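Open the model in your viewer and keep the selection panel at hand. The stops below go from the whole chain down to single residues.

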Amino acid sequence: MGTGMSIQRLSSLNIIFAIIYVLLYLKSGTFNSTAGILAIIVFNWLGLRSFQVEEYKWGIWHYLIGGWTLYFIGTLVYGFGNILSAAIEFNFISNDTLWYLVVNFVFCVFLLTHITIYGYKNYKQFNH
């Protein structure tokens with residue numbers, strides 16, 4: 001499995017996870033959360049498009065949307081840390097909270113892996 005196929009699969013998984021996240025966990029959409037999910041969907045769509053045309057060189061939109069995606073990942077990781085520390089402090093975690101933490105963690109790992117692979121493909125194509 002080449003990195004191109006990884007980008008295609010990760011992009012598809014990330015879009016699915018973003019939709020699941022919106023449907024299950026996003027009860028009241030603030031600007032940051034709504035724009036973050038939208039940025040994730042658009043950035044992963046750009047990854048799918050790059051795979052289809054086999055052109056991984058980033059334009060200005062890739063950097064802008066990728067930056068907002070990284071910011072949103074940071075907010076997810078921050079929230080993950082706060083919820084986990086509260087669960088440890090109170091020595092209690094419900095099943096709903098545990099599922100949220102698992103989904104959040106997997107989502108963040110998939111997103112960071114996608115950005116890393118996609119950025120590496122951009123870097124390779126940029127230098128050649």
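What follows is a tour of a predicted model, one selection at a time.

**Whole chain**

Start with the protein chain as a cartoon. Its secondary structure consists of 4 helices and 0 strands, in the order α-α-α-α along the sequence. Aligned to its principal axes, the C-alpha trace spans about 55 × 30 × 20 Å. Of the 128 residues in the chain, 34% are buried.

Switch to a surface. The accessible area is about 8000 Å², and carbon and sulfur atoms account for 69% of it. For a charge view, mark the 6 positive and 4 negative charges; their mean positions lie 13 Å apart.

A contact map is useful here too. Taking contacts between residues at least 6 apart in sequence, 81% join residues at least 24 apart.

**Helix α3**

Select residues 60–90, which form helix α3. Does the helix length agree with its residue count, and what span should the 31 residues have? At 1.5 Å a residue they should span 45 Å, and the end C-alpha atoms are 45 Å apart, so the two agree.

Now colour the buried positions of α3: His-62, Ile-65, Gly-66, Thr-69, Phe-72, Ile-73, Leu-76, Gly-79 and Ala-87. The spacing in such a list can be read against helix geometry: an α-helix has 3.6 residues a turn, so residues three or four places apart point the same way.

Stay in α3 and pick Thr-69. Its relative accessibility is 1%, so Thr-69 counts as buried. Which residues does Thr-69 touch, leaving aside neighbours within four places in sequence? They are Ala-39, Ile-40, Phe-43 and Ile-115.

Tyr-71 is also in α3. Is Tyr-71 buried, exposed or partly exposed? Its relative accessibility is 39%, so Tyr-71 counts as partly exposed. Draw a C-alpha to C-alpha distance from Tyr-71 to Gly-36: the two are 35 residues apart in sequence and 7.9 Å apart in space.

Just past the helix, select Asn-91. This residue follows α3 and has a positive phi, near 55°.

**Helix α4**

Next, select residues 95–126, helix α4. Its 32 residues should span 46 Å at 1.5 Å a residue, and the end C-alpha atoms are 46 Å apart, so the distance agrees with the expectation.

The buried residues of α4 include Tyr-100, Leu-101, Val-103, Asn-104, Phe-107 and Cys-108. Further along the helix, Leu-111, His-114, Ile-115, Tyr-118, Lys-121 and Asn-122 are among the buried residues as well.

Asn-95 lies in α4. With a relative accessible area of 60%, Asn-95 is exposed. Draw a second C-alpha to C-alpha distance, from Asn-95 to Trp-45: they are 50 residues apart in sequence and 32 Å apart in space.

**Last stop: His-114**

Zoom in on His-114 in helix α4. At 1% relative accessibility, His-114 counts as buried. Show its side chain together with that of Asn-44; a polar contact of 3.4 Å joins the two.

Then expand the selection to the surroundings. Apart from neighbours within four places in sequence, His-114 is in contact with Ile-7, Leu-10, Ser-11, Asn-14, Phe-43, Asn-44 and Gly-47. Keep Phe-43 displayed and bring back Thr-69: Phe-43 is in contact with His-114 and with Thr-69.

Key. Residues numbered from 1 in each chain as written. Predicted model: local features only at pLDDT ≥ 70, side-chain atom pairs only at ≥ 80, totals over all residues. Heavy atoms only, no water. Helix = DSSP H or I, 4+ residues; strand = E, 2+ residues; numbered from the N terminus. Expected span 1.5 Å × (residues − 1). Buried < 20%, exposed > 50% of the residue type's maximum accessible area, 1.4 Å probe, protein only. Contact = heavy atoms within 4.5 Å. Areas by Shrake-Rupley, 256 points an atom, 1.4 Å probe, with all protein chains shown as cover. Lys, Arg positive; Asp, Glu negative; His and termini not counted. Charge placed at Lys NZ, Arg CZ, Asp CG, Glu CD. Polar contact = N/O pair within 3.5 Å; in protein donor to acceptor, adjacent residues only side chain to side chain.
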